[in-house]
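Visitor: I should like to learn how to read a structure of this kind. May we go through the features one at a time?

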Amino acid sequence: MDHAGMLENASMETLSLGSAEFPEATVERTVEWVDTDASGHQHNSAILRWVEAAEAELFRNLAQPAYFPSAPRVQQVINYKAKLWFGQRVTATVKIRALGRTSLTMAFEVRGFTPGIADAGTDDGGTVAATGTVTTVHVPQGAAAAEPWPVDFVRAVRGGSGRGPDIGLV
């Protein structure tokens, strides 16, 4: 399956979040030795693993397990801002930013926290280590091209009622 061409075929009829509320999810992790490179700070691939863990949490919370086998990535943008170190506590948050007829874009942020600060009862708010976006398209199993998102998926993303942000669905 040619995922590279799917972004061109995906509906670009999306609206950015603005003031509309889309769902989000956050996971907390610790930078493990396997997450680091030889210098002891996070390997670039660790960021995406944490973001994907938050994405999985998001779609579990929305009761949408069918999302994963039918939503290949067509674009990932990562902006690295700071290093994360072995043993450091991190959070990864994903939030749906735009939903099109066949595409979905999530924004993400990964933060690192100073060791010992949260343990003392005062959280430092963390340092932004990475930001970016991930765009997927809906390709049902067996299909060769992007197709519109199922109605139940759209309702879940919009808040369950079918009401919510006007996302330009046709």
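Visitor: What is found just after helix 2?

Guide: In this predicted model, Ala 63 takes a positive phi of about 55 degrees just after helix 2. Ala 63 has this value although it is not a glycine. The residue belongs to the loop between helix 2 and strand 2.

Visitor: Is Ala 63 buried or exposed?

Guide: The cut-off for exposed is over 50% relative accessible area. Ala 63 counts as exposed because its relative accessibility is 58%.

Visitor: How many helices and strands does the chain have, and in what pattern do they follow along the sequence?

Guide: The chain has 3 helices and 5 strands. Their pattern along the sequence is α-β-α-β-β-β-β-α.

Visitor: How many residues does helix 2 have, and how far does it reach?

Guide: One may set the span of a helix beside the expected one. Helix 2 has 18 residues and reaches 27 Å from its first C-alpha to its last, which is close to the 26 Å expected at 1.5 Å a residue.

Visitor: Which residues of helix 2 are buried, and what covers them?

Guide: The buried residues of helix 2 include Ala 46, Ile 47, Trp 50, Val 51, Glu 55 and Phe 59. Their cover includes strand 1, strand 2, strand 3, strand 4, strand 5 and helix 3. Helix 2 lies across strands 1, 2, 3, 4 and 5, and it runs at about 135 degrees to strand 1.

Visitor: In what order do the strands form the sheet?

Guide: To read a sheet, one follows the pairing of its strands. Here 5 strands form an open sheet in the order 1-3-4-5-2, with antiparallel pairing. Strand 1 and strand 2 are the edge strands, each pairing on one side only. On average, neighbouring strands of this sheet are turned by 15 degrees against each other, direction ignored.

Visitor: How many bridges do strand 3 and strand 4 pair over, and which residues are bridge partners?

Guide: Strand 3 and strand 4 pair in the antiparallel sense over 10 bridges. They form a hairpin with 3 residues between them. Val 90 has Gly 112 of strand 4 as its bridge partner, and Thr 93 has Glu 109 of strand 4.

Visitor: Over how many bridges does strand 5 pair with strand 4 and with strand 2?

Guide: Strand 4 and strand 5 pair in the antiparallel sense over 10 bridges. Gly 112 stands opposite Thr 127 in strand 5, and Arg 111 stands opposite Val 128 in strand 5. Strand 2 and strand 5 also pair in the antiparallel sense, over 7 bridges. Within that pairing, the bridge partner of Tyr 80 in strand 5 is Ala 130.

Visitor: How are the side chains of a regular strand arranged?

Guide: In a regular strand, side chains alternate between the two faces of the sheet. One may then ask how many residues of a strand are buried. In strand 5, 9 of the 11 residues are buried, so strand 5 is largely enclosed by the rest of the structure. Strand 4 is likewise largely enclosed, because 8 of its 11 residues are buried.

Visitor: May we take one residue of strand 5 as an example?

Guide: Thr 136 lies in strand 5. Thr 136 is buried, with a relative accessible area of 0%. Among the residues in contact with it, leaving aside neighbours within four places in sequence, are Glu 55, Tyr 67, Pro 72, Thr 102, Leu 104 and Trp 149. The C-alpha atoms of Thr 136 and Thr 102 are separated by 8.5 Å, although these residues are 34 residues apart along the chain.

Visitor: How many residues does the largest nonpolar core have, and which have the most contacts inside it?

Guide: The largest nonpolar core has 33 residues, and Trp 50, Phe 59, Leu 104 and Val 110 have the most contacts inside it. Strand 1, helix 2, strand 3, strand 4, strand 5 and helix 3 each supply at least two residues of this core. Its largest share, 8 residues, comes from helix 2. Leaving aside neighbours within four places in sequence, Val 110 is in contact with residues including Ile 47, Trp 50, Leu 84, Ala 92 and Val 128.

Visitor: What share of the chain counts as buried?

Guide: Of the 170 residues of the chain, 43% count as buried. The chain exposes about 8,800 Å², of which carbon and sulfur atoms supply 51%.

Key
Residues are numbered from 1 along each chain as its sequence is written. This is a predicted model: local features need pLDDT of at least 70, side-chain atom pairs count only at pLDDT 80 or more; totals for chains, interfaces and linings use all residues. Side-chain values use heavy atoms; hydrogens and water are left out. A nonpolar core is a set of buried Ala, Val, Leu, Ile, Met, Phe, Trp, Tyr and Cys residues joined through side-chain atoms within 4.5 Å. Buried means under 20% relative accessible area, exposed over 50%, partly exposed in between (1.4 Å probe, protein chains only). Helices (H or I, at least four residues) and strands (E, at least two) are DSSP runs, numbered from the N terminus. Contact means heavy atoms within 4.5 Å. Accessible areas come from the Shrake-Rupley method with a 1.4 Å probe; for residues, only the protein chains shown count as cover. The expected span of a helix is 1.5 Å times one less than its number of residues. Two strands pair if DSSP finds at least two bridges between them. Axes are lines fitted to C-alpha atoms, for helices over the stretch in contact, and angles run from 0 to 180 degrees between N-to-C directions.
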